[in-house]
Amino acid sequence: MSRILIVDDNGEIREVITILLEGEGFETEEAASGEEALKKVKEGGVDLILLDVMMPGLNGYQTCVEIRKTTNAPILFLSARSQVEDKTMGFLSGGDDYLPKPFSYQELLGRVKALLRRYQVYQGKGEKPSEEIFRAGRVELNEKTGMVTCGGEEISLTDTEFAILSLFLKNRRQIFSAERLYEAVWQEPYYYGASNIVMVHIRNLRGKIEEDAHNPQIIRTVWGRGYRCD
C-alpha cells in the first residue's frame with residue numbers, strides 16, 4: 001500500500017484529499033506546515049508527497065528543496081499559483097509535477113497514480129524489461145535496481161529524471177521533441193508551457209550526469225527538433 005503525505009496549511013483541503021485518497025486504497029498522513037512535513041519525511045516510509053506552495057514559515061518550494069536532501073519520492077505541487085514561472089520554480093526546487101488549484105478529483109488521482117507507477121519502476125518494483133542495464137558514455141542505468149552511476153559513482157535522481165534518462169538510454173540516437181518526451185514521461189497530453197517543464201528537467205538531469213552541463217555529451221540538443229542521446 002502506497003503511503004502519501006499531504007502537506008497543506010488548510011485543514012479542510014487536507015481532509016478532502018485524505019478522504020479521496022483513502023477511498024482509493026492509499027494510506028495517508030497529514031502535515032500542516034513545511035517543518036512538520038520534513039519531520040515526517042525523515043521518519044521514512046513516504047512514497048509520494050502532495051505539497052502546497054503558499055504556507056507560513058517554509059513555503060512549498062523551500063520545503064521541496066529540503067525534502068530532496070532526504071528522499072527521491074515524487075513530489076506533486078498543488079497550488080493556486082498557475083503561471084509558467086510558478087511551475088518552473090516548482091521543478092527547479094525538485095518537484096516532479098505541478099497541479100494548479102482548483103483541480104478535479106479524477107485529475108488528482110490520475111497524477112498520483114502516474115507518479116507512483118514511475119516511482120515503483122525507479123525503485124525496481126515495476127515490470128522488469130528483458131534488458132536491465134543501459135549505458136551511454138560514463139553513465140550506467142540499472143533499471144532492475146534503480147541505480148544510476150556516473151563515472152563509477154552512484155548518483156541520486158528523482159523518479160522523473162530517472163524516467164527521462166531511461167527513455168533516452170533505451171532509444172539511443174532517436175530524437176525526442178519536447179512534446180514527444182513530455183507525453184512519454186508524464187503520460188498525459190502535451191499542453192502549452194509543457195516544453196518549459198521538459199527544459200527544466202533536462203537541465204537538472206544534465207547537471208547530474210554531464211561533465212560540463214553547458215557542453216553536454218550525453219543528452220544533446222538538436223536545435224529546432226528536440227533532444228537526443230548518442
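## Worked exercises: two sheets and what packs around them

Strands S6 and S7 (residues 139-142) pair in the antiparallel sense, with 4 bridges between them. Keep in mind as you go that this is a predicted model.

### Exercise 1: the hairpin

Task: Work out how many residues separate S6 from S7, and which turn residue has a positive phi.

Solution.
- Step 1. Find the two strands: S6 covers residues 133-136, and S7 covers residues 139-142.
- Step 2. Look between them. S6 and S7 form a hairpin with 2 residues in between.
- Step 3. Check the turn: Gly137 has a positive phi of about 60 degrees.
- Step 4. Match up some partners across the hairpin. Ile133 has Asn142 of S7 as its bridge partner, while Phe134 is bridged to Leu141 of S7.
- Step 5. Now sort S6 by face. Phe134 and Ala136 make up the covered face, and Ile133 and Arg135 the uncovered one.

### Exercise 2: the antiparallel sheet

Task: Put the strands of the sheet that holds S6 in order, and say which strands stand at its edges.

Solution.
- Step 1. Four strands are involved, in the order S6-S7-S8-S9, and the sheet is open. The pairing is antiparallel.
- Step 2. Look at the ends of that order. S6 and strand S9 (153-155) each have a single partner strand, so one side of each has no neighbour in the sheet.
- Step 3. Add the twist: on average, neighbouring strands here are turned by 25 degrees against each other, direction ignored.
- Step 4. See what lies on the sheet. Helix H6 lies across S6, S7 and strand S8 (147-150), running at about 105 degrees to S7.
- Step 5. Stop at the loop between S7 and S8, where you'll find Glu143. Its relative accessibility is 7%, so Glu143 counts as buried. Glu143 and Ser166 are 23 residues apart in sequence, and their C-alpha atoms are 7.8 Å apart in space.

### Exercise 3: the parallel sheet

Task: Find the strand order of the 5-stranded sheet and name its edge strands.

Solution.
- Step 1. The order is S2-S1-S3-S4-S5, with parallel pairing in an open sheet.
- Step 2. The edges are strand S2 (27-31) and strand S5 (97-100), each pairing on one side only.
- Step 3. Neighbouring strands of this sheet are turned by 20 degrees against each other on average, direction ignored.
- Step 4. Zoom in on one pair. Strand S1 (residues 3-7) is joined to S2 by 5 bridges, and Leu5 has Glu29 of S2 as its bridge partner.
- Step 5. Move to the other edge: helix H4 (residues 84-92) lies across S4 and S5, at about 145 degrees to S5.

### Exercise 4: two helices that meet

Task: Decide how H6 and H8 are oriented to each other: roughly parallel or roughly perpendicular?

Solution.
- Step 1. Take the angle. H6 (residues 159-170) and H8 (residues 194-209) pack at about 80 degrees, and their axes are 10 Å apart.
- Step 2. Apply the cut-off: 65 to 115 degrees counts as roughly perpendicular. H6 and H8 are therefore roughly perpendicular to each other.
- Step 3. List who makes the contact. H6 contributes Thr160, Glu161, Ile164, Leu165 and Phe168. From H8 come His201, Ile202, Asn204, Leu205, Lys208 and Ile209.
- Step 4. Sort them by class: the contact has 6 nonpolar, 3 polar and 2 charged residues.

### Exercise 5: two cores

Task: Find which residues of the largest nonpolar core touch the most other members, then see what surrounds Ile17.

Solution.
- Step 1. The largest nonpolar core has 51 residues, and Ile49, Leu165, Phe168 and Leu181 touch the most other members.
- Step 2. Follow Phe168. Leaving aside neighbours within four places in sequence, Phe168 is in contact with Phe176, Leu181, Ile202, Ile219, Tyr227, Arg228 and Cys229.
- Step 3. Now switch cores: a second, separate one has 17 residues, including Ile17 and Leu99.
- Step 4. Place Ile17: this residue lies in helix H1 (residues 11-23). Ile17 has 4% relative accessibility, so it counts as buried.
- Step 5. Not counting residues up to four places away in sequence, Ile17 touches Ile6, Leu50, Leu78, Phe103 and Leu108.

### Exercise 6: a loop residue

Task: Is Thr71 buried or exposed?

Solution.
- Step 1. Locate Thr71 in the loop between helix H3 (60-67) and strand S4 (75-79).
- Step 2. The cut-off for buried is under 20% relative accessible area. Thr71 has 16%, so this residue is buried.
- Step 3. Check its contacts: Thr71 touches Val41 and Tyr119, not counting residues up to four places away in sequence.

Terms used. Residues are numbered from 1 along each chain as its sequence is written. This is a predicted model: local features need pLDDT of at least 70, side-chain atom pairs count only at pLDDT 80 or more; totals for chains, interfaces and linings use all residues. Side-chain values use heavy atoms; hydrogens and water are left out. Axes are lines fitted to C-alpha atoms, for helices over the stretch in contact, and angles run from 0 to 180 degrees between N-to-C directions. Angles under 35 degrees count as roughly parallel, over 145 as roughly antiparallel, 65 to 115 as roughly perpendicular and the rest as oblique. Contact means heavy atoms within 4.5 Å. Ala, Val, Leu, Ile, Met, Phe, Trp, Tyr, Cys and Pro count as nonpolar, Asp, Glu, Lys and Arg as charged, and the others, Gly among them, as polar. Buried means under 20% relative accessible area, exposed over 50%, partly exposed in between (1.4 Å probe, protein chains only). Two strands pair if DSSP finds at least two bridges between them. A nonpolar core is a set of buried Ala, Val, Leu, Ile, Met, Phe, Trp, Tyr and Cys residues joined through side-chain atoms within 4.5 Å.
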